[in-house]
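Open your viewer and get ready to click around. We'll go from stop to stop, and at each one you'll hear what to select and what is there.

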Amino acid sequence: MSPVAYKIALLPGDGIGPEVLEAAVTVLDAVSKHFRIGLRYERHDAGAELYRRTGESISPRTMEAIESAHAVLFGAAGLPDVRKPDGTEITPQIDIRERFGLFASLRPCRLFPGVPTRVKAEAVNMLVIRETTEGLFAGRHDPIELSDESVSDRLTITRATSERLFALAFEQARSRRQSEGTPGHVTLLDKSNVLRSNAFMRKVFDEVAQRYPDVTSDHLYIDAASMMLVTEPERFDVVVTENVFGDITSEIAAGVVGGLGIAPSGDISLEHGVFQPSHGTAPSIAGQNKANPVATILSAAMLLDWLSYRHSDKECRNAAAAIRSAVEAVLREGPRTPDIGGTSSTGEVTSAIVHSLEATV
Ligand code: ATP
C-alpha cells in the first residue's frame with residue numbers, strides 16, 4: 001500500500017462531465033488495486049446545474065475540499081443556456097485556477113495508432129502549455145460598463161508568472177526528452193510584432209531560455225504557428241503561450257491528432273493539481289453513453305504522474321504508465337466511440353481499457 005491514502009476531490013460538473021468522470025474513476029479503481037495505491041474520493045458539485053439551483057457555481061466548502069485534497073479530477077462544467085448577468089458562461093474551472101494560482105495548463109497531444117485523423121501526419125507528440133491565470137483573461141473581474149458602443153478586455157503579462165511558466169516549459173522539454181526521446185525543444189507562440197505585452201513576454205522567454213542551454217528554443221507568431229500546427233505538426237515538441245492563444249492552440253493540436261475526445265489536460269501550480277479533459281460538456285451527446293472517456297482517463301493518468309512527482313511515489317508513476325499502455329492498446333484495436341470512428345459506448349470502451357490493464361499488469 002502507498003504510504004498515504006491520497007484524497008482525490010471529484011467534480012463531475014455538467015453535460016458529459018459526470019459520465020466521463022465515472023469512467024475515469026472505474027479505471028483508477030482498477031489500477032490502484034493492482035499497484036496498491038490508496039485513493040480516497042470525495043465528490044462535490046460544481047458548474048451550471050449547481051448555479052441554476054443555488055446561484056453559485058462552486059461553494060466555499062468545495063474550495064476547501066480542493067485546498068485539502070492531494071489532487072482533483074474534474075469532468076467538465078458549463079452549459080450554453082445557463083449564463084451570468086454579464087452574458088458569460090458558468091466557469092468554476094477558471095475560479096479554481098484563479099483561487100489556487102494554477103498558472104499552467106499542460107495539454108499533451110499525441111497521435112495514437114488506430115485513431116483516424118483528417119490531417120496526414122506521423123509521430124505527432126507535442127505538449128501545449130497554456131498560461132491560465134492572466135493573459136487575455138486577466139481583466140475578467142474588472143468593473144465594466146456594458147454598452148452597445150464599445151467594450152474592452154485587458155491583456156496582462158507579468159514577469160513572475162512568465163518566468164515560472166517558461167521554466168516549467170523548459171523543464172518539461174528536458175524530462176520528455178529523457179522519458180520519451182522527444183527533441184528537447186520549446187516554441188513560444190506570441191504576437192510580439194503587434195502587442196507590447198507579447199514583446200515583453202518574448203523578452204522574458206529569451207532570458208529564461210539562457211538558463212537551459214541544453215534545450216533548444218524558438219518563437220513563432222501565433223497566426224503562422226496556427227497554420228504550421230496543421231501543415232507540419234511533427235515540428236513541435238513543447239509549445240508555450242498565453243491564456244487565449246493556448247486555449248485555441250490546444251484545440252487545434254487536439255483536432256490534428258483526432259479530436260477533443262482523446263485530449264487530456266492538467267492545470268497545475270507548485271502545490272495543487274486539477275486534471276480534466278480538454279473538452280467541454282458536449283451537451284448534445286450528454287446522457288447517451290457515447291461520450292469518449294479517453295481524454296478523462298488520460299487526465300487521470302496525468303493525476304497519478306502528479307502524485308508521483310509530488311510524493312516521490314514510484315507506484316503512482318507505474319500506474320500512470322499502465323493506464324497509458326491500456327488506452328493505447330484499446331485505441332489501436334478498438335472498441336472506439338463514434339467521435340473517433342467507432343460504434344461503441346462509453347461503458348464498452350471503459351471496460352475494454354480495464355480488461356487491457358488487467359491483462360498486462
Ligand atoms: P467549452 O467551451 O466548454 O470548452 P466547447 O464549445 O469547446 O466547450 P465541447 O463541449 O468541448 O465544446 O464540444 C465540442 C465538440 O466536440 C462537440 O461536437 C462535442 O460533441 C464533441 N466532443 C467533445 N468532447 C467529446 C467527447 N468526450 N466525446 C465525444 N465527442 C466530444
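Here is a walk through the model, starting with the whole chain and ending at the ligand.

**Stop 1: the whole thing**

Before you zoom in, keep in mind that this is a predicted model. Show everything as a cartoon: the secondary structure comes to eleven helices and ten strands. Along the principal axes, the C-alpha atoms fill a box of roughly 55 × 50 × 45 Å. Does that fit a compact globule? What radius of gyration would you expect for 361 residues? A compact globule of that length would come out near 21 Å, and the protein has 20 Å, which agrees.

Of the 361 residues, 50% count as buried. Now think about who touches whom: among contacts with a separation of 6 or more, 75% are between residues 24 or more positions apart.

**Stop 2: helix H1**

Select residues 17-35, which make up helix H1. At 1.5 Å a residue, its 19 residues should span 27 Å, and the end C-alpha atoms are indeed 27 Å apart, so expectation and model agree. Is H1 enclosed or out in the open? Here 14 of its 19 residues are buried, so the rest of the structure largely encloses H1.

Step just past the end of H1 to Arg-36, where phi is positive, at about 55°. That is worth a pause, because most residues other than glycine have a negative phi.

**Stop 3: helix H9 and the core**

Next, select residues 294-311, helix H9. H9 has 18 residues and reaches 26 Å from its first C-alpha to its last, close to the 26 Å expected at 1.5 Å a residue. Since 15 of those 18 residues are buried, H9 is largely enclosed by the rest of the structure.

Now bring up the largest nonpolar core, which has 105 residues. Which residues have the most contacts inside this core? They are Ile-129, Ile-297, Ala-300 and Ile-323. H9 gives the most to this core, with eleven residues. A core of this kind fits a general trend: in soluble globular proteins, nonpolar side chains tend to be buried together.

Click on Ile-297 and look around. Leaving aside neighbours within four places in sequence, Ile-297 is in contact with Ala-23, Ala-24, Val-27, Ile-323, Val-327 and Ile-353.

**Stop 4: loops with a twist**

Follow H9 to its end and you reach Ser-312, in the loop between H9 and H10. Its phi is near 45°, a positive value in a residue other than glycine. Is Ser-312 buried or exposed? Ser-312 is exposed, because it has 10 other C-beta atoms within 10 Å, and the cut-off for exposed is 12 or fewer.

Jump to Ala-123, in the loop between strand E4 (104-110) and strand E5 (125-131). Ala-123 also has a positive phi, near 55°. With 9 C-beta neighbours inside 10 Å, Ala-123 counts as exposed too.

For another backbone oddity, select Gly-334 and Pro-335: the peptide bond between them is cis, with omega near 5°. Most peptide bonds are trans. You'll find Pro-335 in the loop between helix H10 (314-333) and helix H11 (346-360).

**Stop 5: two residues to compare**

Select Ala-69, in the loop between helix H3 (60-68) and strand E3 (71-76). Ala-69 is buried, with 21 other C-beta atoms within 10 Å; the label needs 20 or more. Not counting neighbours within four places in sequence, Ala-69 is in contact with Lys-7, Ile-8 and Ala-9. Try the distance tool: Ala-69 and Lys-314 are 245 residues apart in sequence and 20 Å apart in space, C-alpha to C-alpha.

Then select Val-230, in helix H7 (residues 222-231). Val-230 has 15 C-beta neighbours inside 10 Å, so it counts as partly exposed. Setting aside residues up to four places away in sequence, Val-230 touches Val-119, Ile-252 and Val-256. Here's another distance to try: Val-230 and Thr-343 are 113 residues apart in sequence and 27 Å apart in space, C-alpha to C-alpha.

**Last stop: the ligand**

Finally, center the view on the ligand. Which of the 15 residues around the ligand come nearest? Pick out His-279, Gly-280, Ala-282, Asn-292 and Asp-339. Color the shell by residue type and you should see seven nonpolar, seven polar and one charged.

Technical notes. Residues numbered from 1 in each chain as written. Predicted model: local features only at pLDDT ≥ 70, side-chain atom pairs only at ≥ 80, totals over all residues. Near = placed C-beta within 6 Å. Nonpolar A, V, L, I, M, F, W, Y, C, P; charged D, E, K, R; others polar. Helix = DSSP H or I, 4+ residues; strand = E, 2+ residues; numbered from the N terminus. Contact = placed C-beta atoms within 7 Å. Expected span 1.5 Å × (residues − 1). Rg over C-alpha atoms; globule rule 2.2 N^0.38 Å. Core = buried A, V, L, I, M, F, W, Y, C linked by C-beta atoms within 7 Å.
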